[in-house]
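The exercises below are to be worked with the sequence and the model side by side. Each task is followed by a solution in steps.

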Amino acid sequence: MMTLLWEVETAVDPRWLSLMQLSADAALHMEGVKRHCAVNIRLCDDDAIHEINRDYRGVDRATDVLSFPTVNYPKGITAGQADKYLRREYDDELDACMLGDLIISVPHVLQQAEEYGHSPERETAYLTVHGLCHLMGYDHIEDDERKEMRAMEEKILNAIGMDRDGNAAVSDEILMELARQAMERSYSPYSHHPVGAALLCADGRIFQGCNVENASFGLTNCAERTAMFKAISEGAREFTAIAIANPQSAPWPCGACRQVLNEFAPNIRVIVTWGDNEKYEMMLPELLPHSFGPNDLNTYEK
Ligand code: THU
């Protein structure tokens, strides 16, 4: 799981921020890093990145992305095999290992997207992944290391399925991993039954949710509904899949959650995952046959 500590100095589409979070979570997962990590991420203009490039690297011009790793990786070792080195960067306030700083020029993102004929979202994801690879110990000075870095970049970008329009057709593997990460944030002191969910929207956004219990038991909110209500209140209305995770057993959604999913996404694909990557999937109509929904109310207006 990656915590991104934001410094956003230039107005950006909020979708970029969720895309960067997705890229960062996917990067750690594909690299095989099990620890909770953090990165300072700054989105700025050309003047600001120019200044940093000049002061810290002696290069007197603006650029697209700069990364400053905190971990001192031995040659040929990247984050996935560097647990001992990551541990040294553990920050107890963050409860995460600080991997370093990433600076991205927003004007460069826009300009390069136009040059390459793809969306700014795609360029954002690419630059984020490139910078994160540096923070995980990759480099591109020598031929063999460049090949390895490119391969890892490809692997991460493929996992988030970035197409040229910047729509992230997220892989099930990543969606399930995001559900597992949400599960770690579960507040379940009464049932000790943590559940996490990751809900994929048609526009590529992902909303995570966990179950949130209460001493007054009936007030508990399930993971799926947490994710769905977050999504609805952020304006998302179309959904393609939801992954649900539990450590031990198949976390099929409860009746209430099936009903809430049916309200907004009657044909959603439901993936449950448990144990050591066990999984099973079903379409919602199989889980909620003969459902009752908005169209069954004669007072409902489109
Ligand atoms: N739970 C969910 O989060 N999703 C479901 O669909 C079923 C149950 C949670 C609620 C409660 O915190 C715990 O699991 C035990 O019921």
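**Exercise 1.** Which atom of the ligand does a polar side-chain atom of E224 lie 2.8 Å from?

*Solution.* The model is a predicted one, in which local features need pLDDT of at least 70 and side-chain atom pairs count only at pLDDT 80 or more, while totals for chains, interfaces and linings use all residues. Residues are numbered from 1 along each chain as its sequence is written, and side-chain values use heavy atoms, with hydrogens and water left out. The partner of E224 is an oxygen atom of the ligand. An oxygen atom of the ligand also lies 2.4 Å from a side-chain N or O atom of E213, and for A223 a backbone N or O atom is 2.9 Å from a ligand oxygen.

**Exercise 2.** Describe how helix α5 packs on helix α6.

*Solution.* Begin with the geometry: α5 (residues 120-135) and α6 (residues 143-159) have axes 10 Å apart and pack at an angle of about 130°, where axes are lines fitted to C-alpha atoms over the stretch in contact and angles run from 0 to 180 degrees between N-to-C directions. The two helices are therefore oblique to each other, a class left over once angles under 35 degrees (roughly parallel), over 145 (roughly antiparallel) and 65 to 115 (roughly perpendicular) are set aside. Next, identify the contact (heavy atoms within 4.5 Å): among its residues are Y126 and H130 of α5 and M152 and I156 of α6.

**Exercise 3.** Which residues of α1 meet α6?

*Solution.* S23, A26, A27, M30 and E31 of α1 meet M152, K155, I156 and A159 of α6.

Terms used
Helix = DSSP H or I, 4+ residues; strand = E, 2+ residues; numbered from the N terminus. Polar contact = N/O pair within 3.5 Å; in protein donor to acceptor, adjacent residues only side chain to side chain.
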